[in-house]
Amino acid sequence: MKRVTEPELMNSPLNVKAYSEADFSIGDKKFVSDIEKYICRFGKQICVNNVIVDLGCGPGNITERVSLKWPMAKVIGIDGSQEMIDVAIKRKYSSRENKRLSGMTYIKQNISEMCSEGSNKIPFANFVISNSLLHHMHNPSNFWEAIKRISFSGSLQVHRDLRRPSSAKEVLALQRKYLPKAPQVLIDDYHASLYAAFTVSEVKDQLKIAGLDHLKVFELNDRYLEIVGIC
């Protein structure tokens, strides 16, 4: 199935509201658990003042979980959508865990511009994570160049994304399985994201071009792929 791009940024108030109010807690919890698993597997430790960057943080649901899990670290959520950043900040200050989130901050920054000169407001990171960001990139090389620009040598990379199904029939089946009763705006976004996603083979090609082919890419259950390794 041919890839069809979707908007890089989620700016529409209707889309932002639907996405930020959706319950992704099961998947978010699993992703943070995977991050912890890879930290152990690669012999890493999160220490005081380590920097964890969550690229494409959206409304901050995973950023917040990471900050609560590793409060000794400086956790930075980055997103190009001001609307999403506004939701994330509001969420932080309305949280009952607000006092435990003092090490968490948000920065509005378009990922596609992070690989260019003048984007030095992003500190170097010891750990870089992302969830469902890569498929938004019209030019995925910008994603990998941004990662190289902000990562310390030896940084751990954990990136999870949807992978593109083989047919429109499979797209519909996945939506009916995972979002059977969601608002129509969320269903439409999910369809668009599946069409915009990459295959494992395509991501491997991207990594080879970026000089990051030492990172591992593999399928994860029936709809995701993960990219993991030391940068």
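## Ala-168 at the start

Partly exposed means a relative accessible area between the buried limit, under 20%, and the exposed limit, over 50%. Ala-168 has a relative accessible area of 43%, so this residue is partly exposed. The model is predicted. Every value here is computed from that model.

Ala-168 belongs to helix α6. Beyond four places in sequence, Ala-168 touches Met-1 and Tyr-195. Leu-9 is another matter: 159 residues separate Leu-9 from Ala-168 in sequence, and their C-alpha atoms are 24 Å apart in space.

## Helices α6 and α7

Helix α6 covers residues 168–178, and helix α7 covers residues 184–196. Their axes come within 10 Å. The crossing angle is roughly 135°. Angles over 145 degrees count as roughly antiparallel, and 65 to 115 as roughly perpendicular. The angle between α6 and α7 falls in neither range, and the pair is therefore oblique. The crossing is right-handed.

Which residues of α6 and α7 make the contact? From α6 come Ala-168, Val-171, Leu-172, Leu-174, Gln-175 and Tyr-178. From α7 come Ile-187, Tyr-190, His-191, Leu-194 and Tyr-195. By class, nine are nonpolar and two are polar. No charged residues take part in the contact of α6 with α7.

## Helices α5 and α8

Helix α5 (residues 140–150) packs against helix α8 (residues 200–210). The angle is about 50°, and the axes are 10 Å apart. That angle makes α5 oblique to α8. The crossing of α5 and α8 is right-handed.

On the α5 side, the contact uses Pro-140, Trp-144, Glu-145 and Lys-148. On the α8 side, Val-203, Gln-206, Leu-207 and Ala-210 take part. The contact of α5 with α8 divides into five nonpolar residues, one polar and two charged.

## Helix α3: Asn-61 and Glu-64

Helix α3 spans residues 61–69 and holds Glu-64. Asn-61 is also found in α3. Are these residues buried or exposed? Glu-64 has 11% relative accessibility, so Glu-64 counts as buried. Asn-61 is buried because its relative accessible area is 12%, and the cut-off for buried is under 20%.

Each has a polar contact between side chains. Asn-61 reaches the side chain of Asp-28 at 2.5 Å. Glu-64 pairs with the side chain of Arg-91 at 3.4 Å.

The wider contacts follow, leaving aside neighbours within four places in sequence. Asn-61 touches Phe-24, Asp-28 and Arg-91. Glu-64 is in contact with Arg-91, Lys-92, Ser-95, Leu-101, Met-104 and Tyr-106.

Two distances place these residues in the fold. The C-alpha atoms of Glu-64 and Ala-168 are separated by 34 Å, with their positions 104 residues apart along the chain. Asn-61 and Ile-230 are 169 residues apart in sequence, and their C-alpha atoms are 25 Å apart.

## Ser-130 in strand β4

Where does Ser-130 lie? Its place is strand β4, residues 125–131. Its relative accessible area is 1%, so Ser-130 is buried.

The side chain of Ser-130 makes a polar contact of 2.8 Å with the side chain of His-159. His-159 is one of several residues that Ser-130 touches beyond four places in sequence. The others are Phe-31, Asp-54, Leu-55, Phe-143, Val-158 and Arg-160.

## Two asparagines with positive phi

Most residues other than glycine have a negative phi. Which residues have a positive phi here, without being glycine? Asn-49 is one of them, with phi near 70°. Asn-221 is another, at about 45°.

Both asparagines sit in loops. Asn-49 lies between α2 (25–41) and β1 (51–55). Asn-221 lies between β6 (216–220) and β7 (224–230). Asn-49 has 62% relative accessibility and therefore counts as exposed, since the cut-off for exposed is over 50%.

Methods. Residues numbered from 1 in each chain as written. Predicted model: local features only at pLDDT ≥ 70, side-chain atom pairs only at ≥ 80, totals over all residues. Heavy atoms only, no water. Helix = DSSP H or I, 4+ residues; strand = E, 2+ residues; numbered from the N terminus. Buried < 20%, exposed > 50% of the residue type's maximum accessible area, 1.4 Å probe, protein only. Polar contact = N/O pair within 3.5 Å; in protein donor to acceptor, adjacent residues only side chain to side chain. Contact = heavy atoms within 4.5 Å. Axes fitted to C-alpha atoms, helices over the stretch in contact; angles between N-to-C directions. Parallel < 35°, antiparallel > 145°, perpendicular 65-115°, else oblique. Left-handed = near helix turned anticlockwise from the far one by under 90°. Nonpolar A, V, L, I, M, F, W, Y, C, P; charged D, E, K, R; others polar.
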